[in-house]
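Please open the model in a viewer and keep the selection tool at hand. The tour below proceeds from one selection to the next.

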Amino acid sequence: KPQRVCNSCVAAPPIAENPEEAASAALEAIKAGKHAKPLSAASLCGMPVPSCDEHREFATLQVRVIEAKGLLAADFNLVSKKSSDPYCLLRVGHGVQVRTCTVGATLEPRWDVTTAFRVSRLDSFLHLEVWDEDTATRDDAIGFLDLSLAKVPLSRPFRGWVPLQPPEAQPLPGEAARKTPASGAGAVLLEVEMLDVKPVRRFQAFVSPLPPVPPPLPHFDIDAVYGPAMHLVDLIWSRFLSPILFWILDLIFWASPTRTLFALILWNVGAKYCLEHYPAFFPLGLLCFMLRHYFHEKEEAVRAKRPTLVRKRTAPAILEESQASSEHGALSRQDSRHVDYDEAQLGSAVQSLCFVLPGSVKDLCRGLQPLLRTAADGVQTVHDIFVWDHDASSFVAIALLLWAVLAEVLRFDLYLMLIGSSILLAC
């Protein structure tokens, strides 16, 4: 016997998930270019579906799908007459799809489902598709319609029968629409109304430029993650944190008794007499670090220009030359790593294994590739400035000196106010 009402009226509907979380997840998937599962109209509980341009939304489109007549039959049976199990899919533009309930074994279903969509562009269309649900095979398309939002009146609701086009009349992606109308596939009774219209936002939707399209994610390359990550580890740990940590451990465990004794005396004298000057210690320490590298480079340049004496090929001379060549090779390797860190690559076997990673892990790596590259470039620039290998090193040294002078001249409260205000105003 044909069923005239939807399945939700026959059986109790299942417990719906959180509609806001489901709508946000579907919207994020669409923005990322992925396929999003349609939302159930019953689970939305009247919540409007957000659009892809949230900052341009100016109204809410309320759509009531009442019933349909004259649908195409997709199910053929030798015992009973031809029928379908129709349900509808609705969306505005290229947004999130909403699915109605399925009405079984009828060509004149009555859904009487109301859903709402947030509208951000008036040149969009309300796209409605009617499908036949099948349990054993894929669902069959029955018809579709496109209703221009520019034809929906703003002052009163629109109610009427809208004819459906057969599925073969729907153009494929990249194909032009048909000029001659195709034969009909029934009609759907709709009630459409624009609610909560904001005139100013509606005007801005016409005149304001569209937001820039985000650049596509780069192709998956595990070396583009591994290289910058290893470069960050080398800069932060190998060249910054580990020397400081091992220097402190050498002082604590008396690796050099003379140096530890000098540090002990200096610590007690500083705690006794120089405690009020501690705000200037940090910029002065950075300045001393920069000057140490500056004078070290000067010494290396002078030593390179100094002529070398011809020595006999004795065993100590050969040993000294080999040590010097090994140190020069290590420095050249550091310089090459300093210039280009893309040489850090994984083996081909590891790269082949990475291609069988889950899609979510690959998407995470694709999103991290430009971030890690930018972070590695930024940390490398900071490193170059403090080792006096950048054009801005002299200006940073002068700024550190002025910082230390201000820390000595100003009171501590004024000093904190100046630092905090400078950071906030600069950002």
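**Helix contact**

Begin by selecting Trp 247, Asp 250 and Leu 251 in helix α5, which meet Arg 259, Thr 260 and Ala 263 in helix α6; contact means heavy atoms within 4.5 Å. This is a predicted model, in which local features need pLDDT of at least 70 and side-chain atom pairs count only at pLDDT 80 or more, while totals for chains, interfaces and linings use all residues. Residues are numbered from 1 along each chain as its sequence is written, and side-chain values use heavy atoms, with hydrogens and water left out.

Now display α5 (residues 222-252) and α6 (residues 257-273) in full: their axes come within 8 Å and cross at roughly 90°. Axes are lines fitted to C-alpha atoms, for helices over the stretch in contact, with angles from 0 to 180 degrees between N-to-C directions. That crossing makes α5 roughly perpendicular to α6, a term for angles of 65 to 115 degrees. Helices (H or I, at least four residues) and strands (E, at least two) are DSSP runs, numbered from the N terminus.

**Strands around β9**

Select strand β9 (residues 187-195) together with strand β2 (residues 59-69); nine bridges join these antiparallel strands. Two strands pair if DSSP finds at least two bridges between them. Within β2 and β9, Val 65 stands opposite Leu 190. Add strand β8 (residues 158-163), which runs antiparallel to β9 and is joined to β9 by six bridges. Here Arg 159 stands opposite Glu 191 of β9.

**Aromatic pairs**

The structure holds three aromatic pairs. Rings of Phe, Tyr and Trp (its six-membered ring) pair if their centres lie within 6.5 Å, and planes over 60 degrees apart count as edge-to-face. Select Phe 282 and Trp 403: their ring centres are 5.7 Å apart and their planes stand at 70°, so the pair is edge-to-face. Phe 282 belongs to helix α7 (residues 281-305) and Trp 403 to helix α11 (residues 393-409), so the pair ties together parts that are 121 residues apart in sequence. Phe 282 is exposed, at 53% relative accessible area, whereas Trp 403 is partly exposed at 27%; exposed means over 50%, buried under 20% and partly exposed in between (1.4 Å probe, protein chains only).

Next, select Tyr 294 and Phe 295, whose ring centres are 5.4 Å apart with planes at 70°, so this pair is also edge-to-face. Adding Trp 388 completes one aromatic cluster with Tyr 294 and Phe 295.

How values were computed. Rings of Phe, Tyr and Trp (its six-membered ring) pair if their centres lie within 6.5 Å; planes under 30 degrees apart count as stacked, over 60 as edge-to-face and the rest as tilted. Angles under 35 degrees count as roughly parallel, over 145 as roughly antiparallel, 65 to 115 as roughly perpendicular and the rest as oblique.
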